[in-house]
Amino acid sequence: MSADTTARRIEVAVDRPANGGEAVGRADGRVVFVRGAIPGERVVAEVTDDRHDSYWRADAVEILEPSPHRVPTPCPAAAAGAGCCDLGHIDPDHGRNLKQAVLLDVLARVGHLDEASVSHTELAGRGVGRLPGPDTGWRVRTRLAVDGTGRAGQRAFRGAGVVHEACVQPAPGMVDDLAARRFTPHAELAVVLDTDGVRHITELAPVTEVRRGDPRRRAQKNRQRRTGRRAQTVVEGDAAAVRRVGGREWQIPVTGFWQAHRAAPQTYADTVVGFAREHLDAAPRIAWDLYGGAGVFAGALLDADGFGGLEQVHVVDSDAGALAAADQTFAGDPVTTHRGEVAACLAALEATPDIVVLDPPRTGAGEKVIGAIAAAQPAVVVHVGCDAARFARDLGLFARAGYRIAGIRAFDAFPLTHHVEAVACLVRGR
Ligand SMILES: C[S@@+](CC[C@H](N)C(=O)[O-])C[C@H]1O[C@@H](n2cnc3c(N)ncnc32)[C@H](O)[C@@H]1O
């Protein structure tokens, strides 16, 4: 922010939700993204970023006309400045309505998909569905920051600080007692609760954080540093955690990827199989599970009733730990794992899969990967997306590559936050 705008306050009426959880309004001829506001409200907001001519960012500091959907946040950590429950001030049912609006908006604006291509979907008709269980206590995998005195807590919003008030996302018993313990100063903790309810904690060695410069760039650089290779020490439980989905069991590294919501893996697996059943003309013979991690969707397809004829499933992922878990779980099954970037591995996969499932990270799959999938001509593609805008962009790419949207289901897999998970089924032919 430039020096002359420090603590500049503006009055804004906000009328629609943005993909990042902010509410959007206009002031002085500019679009303003207001964090902490709800569409329909009039607020006083403090400008936090005025570097762009066409839009500003701001934080709501006073609510002049509150929305009927405004509630006191249930999350003490978010109230104290943590970045965890950024929609805690919105009634969760209304939060789901806003997530539906965001998804439909980006499908039109970013995916360039007309209304007729999505109006028949569950997303358009019924909205964003709840996952089983309450809106708090759903998280079974989390990362905590450790401050200079060795106390663990939630990372502050866009900052290097640590907030010690409790967040309401972690499952009961998962982190409650950690406030009293001390860890290596400035380390990070990977904490998981496995399927048997056993807790595992691995400490990741401190990284040198960038502490100067633009706050958004600084936060991005620090995120990159934290996701790089770091020394790990098991401080409780084991280095791997048992996870079960359907009749399968995996040993997943505590620092590796697993869906954060307790009910997510089974729900997504059921959705993938449901779409496959509904839209494949015949039982699949060959399947690809791209960005497949340890192969949860590969397992679901292999074990689905009526899919016994599946001759080969290829699981592609860049993470060696996830694929080692897959190799152990699928010993004796017709599963081949491929380690590397999806874009680079696709050429080596068997041609003409009947079904391709892809579950990319927040950056999405992009043009090259989607072009290669379309060139392999699977009858059905199931695309799982955790970032609304990238999901919309990717669906638009599939549409222009000759795939029709047969269904979209969206799940509130991250209650009290702006994040949302969507699963689309794409069918070859217009
Ligand atoms: C959202 S997770 C999905 C994992 C799995 N489908 C599941 O539900 O457990 C995304 C996965 O993509 C992998 N990944 C990220 N970028 C990748 C890339 N460019 N090529 C291959 N795998 C990648 C990550 O290691 C991670 O396992």
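The UniProt record, an unreviewed entry, places the feature "binding site" at Q259, Y291, D317 and D359. The structure examined here is a predicted model, so what follows describes computed geometry. Two of the annotated positions, Y291 and D317, can be looked at in some detail. Y291 sits in the loop that runs between β15 (286-290) and α7, while D317 belongs to strand β16. Both count as buried, and the reason is simple neighbour counting: Y291 has 22 other C-beta atoms within 10 Å, and D317 has 25 other C-beta atoms within 10 Å.

The contacts of these two residues tie the annotated site together. Setting aside neighbours within four places in sequence, Y291 is in contact with D317, V342, L358, D359, P360 and P361, a list that takes in D317 and D359 from the record's binding-site positions. From its own side, D317 touches Y291, G292, G293, A322, L323 and R339, again not counting residues up to four places away in sequence.

Then there is the ligand. It is surrounded by 17 residues, the closest being Y291, G293, S318, D319 and D359. As for secondary structure, α7 (296-303) and β16 (312-317) are the elements that give two or more residues to this shell. In chemical terms the shell splits into nine nonpolar, four polar and four charged residues. Y291 and D359, then, turn up both among the closest residues to the ligand and in the binding-site annotation.

A second annotation from the same kind of source, "active site" in an unreviewed UniProt entry, covers C386. This cysteine lies in the loop between β19 (380-385) and α11 (388-400). C386 is buried because 20 other C-beta atoms lie within 10 Å, and 20 is also the number at which a residue starts to count as buried. Beyond its neighbours within four places in sequence, C386 is in contact with R362, H419 and E421.

The helix that comes after this loop, α11, has 13 residues and reaches 19 Å from its first C-alpha to its last, close to the 18 Å expected at 1.5 Å a residue. It is mostly covered, with ten of its 13 residues buried. Those buried residues are A388, A389, R390, F391, A392, R393, D394, L395, L397 and F398, so the list holds charged side chains such as R390, R393 and D394 alongside nonpolar ones. The cover over them includes two helices, α2 (92-109) and α10 (366-376), along with strands β19, β20 (403-412) and β21 (421-428). α11 is followed by G402, which has a positive phi, near 100 degrees.

Elsewhere in the model there is an open sheet of six strands, ordered β9-β8-β7-β10-β11-β12 and paired in antiparallel fashion. Its edges are β9 (162-163) and β12 (232-236); each has a single partner strand, so one side of each is left without a neighbour in the sheet. Further in, two bridges join β7 (residues 141-146) to β8 (residues 152-155), and these strands run antiparallel. One pairing can be named outright: A145 has G153, in β8, as its bridge partner.

V235 gives a look at the edge strand β12, where it is found. With 16 other C-beta atoms within 10 Å, this valine is partly exposed. V235 touches I201, T202 and E203, not counting residues up to four places away in sequence. R26, by contrast, is 209 residues from V235 in sequence and 50 Å from it in space, C-alpha to C-alpha.

Backbone angles supply a last point of interest. Most residues other than glycine have a negative phi. D28, though not a glycine, has a positive phi of about 50 degrees. This aspartate is placed in the loop between β2 (23-27) and β3 (30-35), and it is exposed because just 8 other C-beta atoms lie within 10 Å. Q377, another residue other than glycine, also has a positive phi, near 55 degrees. Q377 lies in the loop between α10 and β19, and its 13 C-beta neighbours inside 10 Å make it partly exposed. Both elements flanking that loop, α10 and β19, are also among those that cover the buried residues of α11.

Methods: Residues numbered from 1 in each chain as written. Predicted model: local features only at pLDDT ≥ 70, side-chain atom pairs only at ≥ 80, totals over all residues. UniProt positions renumbered as here; feature names shortened; annotations may be inferred. Helix = DSSP H or I, 4+ residues; strand = E, 2+ residues; numbered from the N terminus. Buried ≥ 20, exposed ≤ 12 C-beta atoms within 10 Å, placed from the backbone. Contact = placed C-beta atoms within 7 Å. Expected span 1.5 Å × (residues − 1). Near = placed C-beta within 6 Å. Pairing = 2+ DSSP bridges.
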